[in-house]
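Please read the following report alongside the sequence and the three-dimensional structure. It takes the two chains in turn and then looks at selected helices and a surface patch.

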Amino acid sequence: MSGKTTGYFLRRSPWPCNLLGPLHMRRISANASCRCSSSEPTKQGNSVKISQFIPAAESKHDWVGPPHRLSNLRPIIYHIPENETELEKQLRTLRQETEDWNHAFWTNQNITFNKEKDAFVLSQLKEKGLTERDEKGRKRALNSEEMAVFYKHFLDENCIRHANYNKDWYRRNFTITLLMGRVAFHSVWRTLAERRGWKKGGPTT
Amino acid sequence: MRHLKCACAVCLTGSDSHAQTRSKWRLATCEEDIREPALCYKNMYKSTCSRLTGLVGVSVNQKLFGRNAIRNHKSARSLLQMSRRDPSQWIHHLNFLKRQYVMRSNNALYQRAKPKQTAILTVLEDHRDDGMDSQIRQVPTIDHVPMVTDVTPQPETTTTNMTATPVSSPVSTVVALAVLKPPSSKTVSPPQTKVVSSAAESGTEMLEVPHVQVESDEAREARLERQWKELKVDLAELPDVYAKLSKIKLTALVVWTAAAGFAMAPVPFDPATFFLASLGTGLASCTANSINQYFEVPFDSNMNRTKNRPLVRGQISPLHAVGFALVCGVPGITLLTLAVNPLTGALGALNIFLYTCCYTPLKRLSIINTWVGAVVGAIPPIMGWTAATGALDPGALLLGGFLYCWQFPHFNALSWNLREDYSRGGYRMMSVTHPGMCKRVALRHSLGLIGLSALGPVLDVTTWTFPLVSLPINLYISYLAFRFYQKGDRSSARKLFFCSLWHLPMLLLLALTCKKSRTDKEGVAKTSSLAPAPLPLAVQN
């Protein structure tokens with residue numbers, strides 16, 4: 001690793017993250033909440049999400065799509081049952097919002113990563129006195145040791161952002177799973193209650 | 001007929017249970033959910049996916065995937081037809097994938113989830129469309145966002161790729177699809193054949209890919225639309241899903257280490273306890289792996305190695321995964337605590353906690369995660385030993401020490417070639433943040449294995465032949481670790497990783513064969529049947 005590349009980035013410690021640093025990506029949360037939960041599947045086809053897929057009307061399940069080309073996350077179209085309870089609606093809303101929030105974060109992450117990587121490669125090539133493309137017209141690239149400097153820098157730079165995302169994601173994941181558990185429990189309870197009511201009401205009719 | 005398997009980065013690592021699934025003939029679910037029958041060629045380094053598994057998998061898959069079985073059959077037939085027609089061309093197309101992913105995995109590509117440069121041999125049959133009964137489909141490095149394929153060539157990798165890839169891929173071109181949409185496919189096919197033939201002709205290096213977009217927007221939309229799947233539990237797929245969720249191959253290795261720990265304990269061998277301890281450990285491992293995947297869904301989506309996990313693909317819901325984890329974990333730990341002994345149960349619970357609540361979050365916070373992970377790996381043999389003896393003897397700690405030391409060359413080598421993915425995914429691994437330390441630690445611990453082997457006779461765990469017979473393999477892995485330390489390149493990392501995969505089972509096996517025979521007061525001269533005579537190489541006392 002040349003001195004130039006190491007000089008490009010500094011810092012070395014096992015705990016570079018200051019976990020008590022400024023919290024939250026309000027910007028991203030705000031973005032996500034703007035695209036929050038609409039019940040119509042057509043609204044999924046906004047400028048960020050490419051697919052305009054609309055599931056068949058008789059389908060009673062959620063639909064999961066291919067990975068998005070920027071965020072690599074798979075969009076889900078949630079099925080809305082006719083007699084959706086308040087709890088189910090809350091769950092669906094939360095899942096949709098989390099999905100949007102996740103999507104925004106990863107899109108931003110991937111785009112930033114690739115932009116910065118490009119910039120890094122260009123700067124290193126310039127320092128070496130090389131052009132972006134070689135004589136055959138192919139893009140020049142750096143070897144993995146040189147790239148490793150960039151990878152390290154990217155991690156260090158985004159340490160706090162990643163830590164905050166992590167915290168948020170865990171919290172959301174837990175909440176969603178708990179809600180799913182409650183919804184599942186209630187629907188089982190409801191089914192049992194209906195069956196019991198039918199059995200009681202059966203002989204009399 | 002050449003056995004086809006799936007091309008994906010996982011095979012580079014070979015460590016994930018995903019690799020096992022990928023070794024089967026897999027319909028419609030390679031890399032992403034494509035509904036057309038897709039037979040993928042897998043990059044077979046020395047991966048643990050075996051052809052036999054694949055053959056078995058074919059028959060199993062045909063039974064399990066009922067509705068796909070017909071397509072399976074059709075596509076297999078078409079493939080045969082194609083191979084008969086022009087076998088050399090066919091092999092050409094497949095050959096270009098050889099070692100391709102080694103280079104590709106370093107590319108800065110957004111769309112990791114799509115098989116960007118994985119050429120999928122798509123065999124399509126359409127009765128309505130006479131002209132197209134086979135096509136080659138290549139998935140692009142989609143560069144709608146201003147980003148192009150960036151390749152970080154290693155000299156030796158490049159040359160390997162060069163020799164192995166006579167067909168250069170204009171891999172950024174999307175070719176072929178929509179048999180189901182004949183009009184658009186007809187418009188697509190002429191340019192597609194042009195592209196393919198130019199690919200065949202150019203035969204140059206694959207570093208640069210011309211960005212020729214062949215697929216029309218409608219065709220792409222149609223293709224994306226077909227990839228939407230209904231989220232309902234498919235019972236036929238559940239065993240496979242559970243296998244992936246529990247990382248069945250890793251679990252098997254963990255159970256093997258626990259079994260070795262049990263067998264090495266200097267007590268009479270009790271088959272019932274052995275079985276229960278193995279089962280309990282396996283269940284605990286399933287739990288830990290499921291919870292790990294449950295936590296890591298968005299991260300797994302963005303890394304090539306893990307993007308085909310069940311939760312990422314939406315095959316089951318998060319609640320289902322947690323339910324599965326509980327169904328495995330509660331009986332597993334209960335079994336260990338009640339049927340084996342409380343110490344083993346406690347160790348099992350501790351291990352689950354360490355893995356899910358310490359290692360998994362720490363992966364994104366600090367490089368200390370690797371050391372925690374090494375402890376997690378060291379606990380199963382200790383559990384096996386305590387299951388047999390009921391006590392934490394030095395022998396147990398020695399076996400745990402083997403696993404602990406082994407973990408570093410294994411994981412550091414693995415993570416070396418995944419640096420870009422780790423960086424983009426926000427994982428703090430030594431290989432990214434402290435590359436020098438990464439190599440040093442791998443070397444140090446490989447040498448440590450030699451020292452630990454010498455402790456075997458000292459602690460009365462093995463006879464003195466063990467350090468001798470294990471010396472060759474320990475020296476070999478140390479040598480590879482030294483090469484990795486010196487060169488620090490992809491191929492040395494890969495060699496070290498694959499060596500570690502066979503080194504550990506071999507080491508434990510040798511330890512078993514050199515187990516010290518137990519002479520107790522009742523005059524039992526030999527231990528159980530699990531201690532066969534030492535290898536002929538060893539000099540007898």
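What follows is a report on a predicted model, beginning with the chains and ending with single residues.

## The two chains

Chain A has 5 helices and 2 strands, and from the N terminus its elements follow the order α-α-β-β-α-α-α. Chain B, for its part, contains 23 helices and 4 strands. The table sets out the values computed for each chain.

| Chain | Residues | Buried | Contacts joining residues at least 24 apart, among those at least 6 apart in sequence | Accessible surface | Carbon and sulfur share of surface |
|---|---|---|---|---|---|
| Chain A | 205 residues | 46% | 66% | about 11100 Å² | 59% |
| Chain B | 541 residues | 63% | 77% | about 18900 Å² | 66% |

## Helix α22 of chain B

Helix α22 of chain B covers residues 465-487, and its 23 residues should span 33 Å at 1.5 Å a residue, which agrees with the 33 Å that separates its end C-alpha atoms. Within α22(B) there is nevertheless a kink of about 45 degrees at L471(B), placed shortly before the proline P472(B). Just after the helix, G488(B) adopts a positive phi of about 60 degrees.

The buried residues of α22(B) include T465(B), F466(B), P467(B), V469(B) and S470(B) in its earlier part, and I473(B), N474(B), I477(B), S478(B), L480(B), A481(B) and F484(B) further along. An α-helix has 3.6 residues a turn, so residues three or four places apart point the same way. Pairs such as I473(B) and I477(B), or I477(B) and A481(B), are among the buried residues. Against what do these buried residues of α22(B) pack? Their partners, also in chain B, are α18 (394-416), α21 (435-458) and α23 (490-513).

## Helix α18 of chain B

One of those partners, α18(B), likewise has 23 residues, and the distance from its first C-alpha to its last is 33 Å, close to the 33 Å expected at 1.5 Å a residue. This helix also carries a kink, of about 25 degrees, at Q407(B), shortly before the proline P409(B). Because 20 of the 23 residues of α18(B) are buried, the helix is largely enclosed by the rest of the structure.

## A nonpolar patch on chain B

Y476(B), Y479(B), W502(B), M506(B) and L509(B) together make a nonpolar surface patch of about 490 Å². The elements that contribute two or more residues to this patch are α22 and α23 of chain B, and α23(B) gives the most, with 3 residues. α22(B) and α23(B) are thus joined in two ways in this account, since the buried residues of α22(B) pack against α23(B), while both helices supply residues to the patch.

Is W502(B), a residue of helix α23 of chain B, buried or partly exposed? W502(B) has a relative accessibility of 38%, and therefore counts as partly exposed, the bounds of that class being 20% and 50%.

## A buried threonine in helix α11

T251(B) belongs to helix α11 (residues 248-264) of chain B. Its relative accessible area is 4%, and so T251(B) is buried, the cut-off for that class being under 20%. Once neighbours within four places in sequence are set aside, the contacts of T251(B) are S246(B), G282(B), S285(B), C286(B) and N289(B).

Note on methods: Residues are numbered from 1 along each chain as its sequence is written. Chains are lettered from A and ligands numbered from 1 in the order in which they are written. This is a predicted model: local features need pLDDT of at least 70, side-chain atom pairs count only at pLDDT 80 or more; totals for chains, interfaces and linings use all residues. Side-chain values use heavy atoms; hydrogens and water are left out. The expected span of a helix is 1.5 Å times one less than its number of residues. The bend at a residue is the angle between axes fitted to the seven residues ending there and the seven starting there. Buried means under 20% relative accessible area, exposed over 50%, partly exposed in between (1.4 Å probe, protein chains only). Contact means heavy atoms within 4.5 Å. Accessible areas come from the Shrake-Rupley method with a 1.4 Å probe; for residues, only the protein chains shown count as cover. Patches are made of residues with over 30% relative accessible area and no salt bridge: like charges are joined within 9 Å, nonpolar side chains (Val, Leu, Ile, Met, Phe, Trp, Tyr) within 5 Å. A salt bridge is a side-chain nitrogen of Lys or Arg within 4 Å of a carboxyl oxygen of Asp or Glu.
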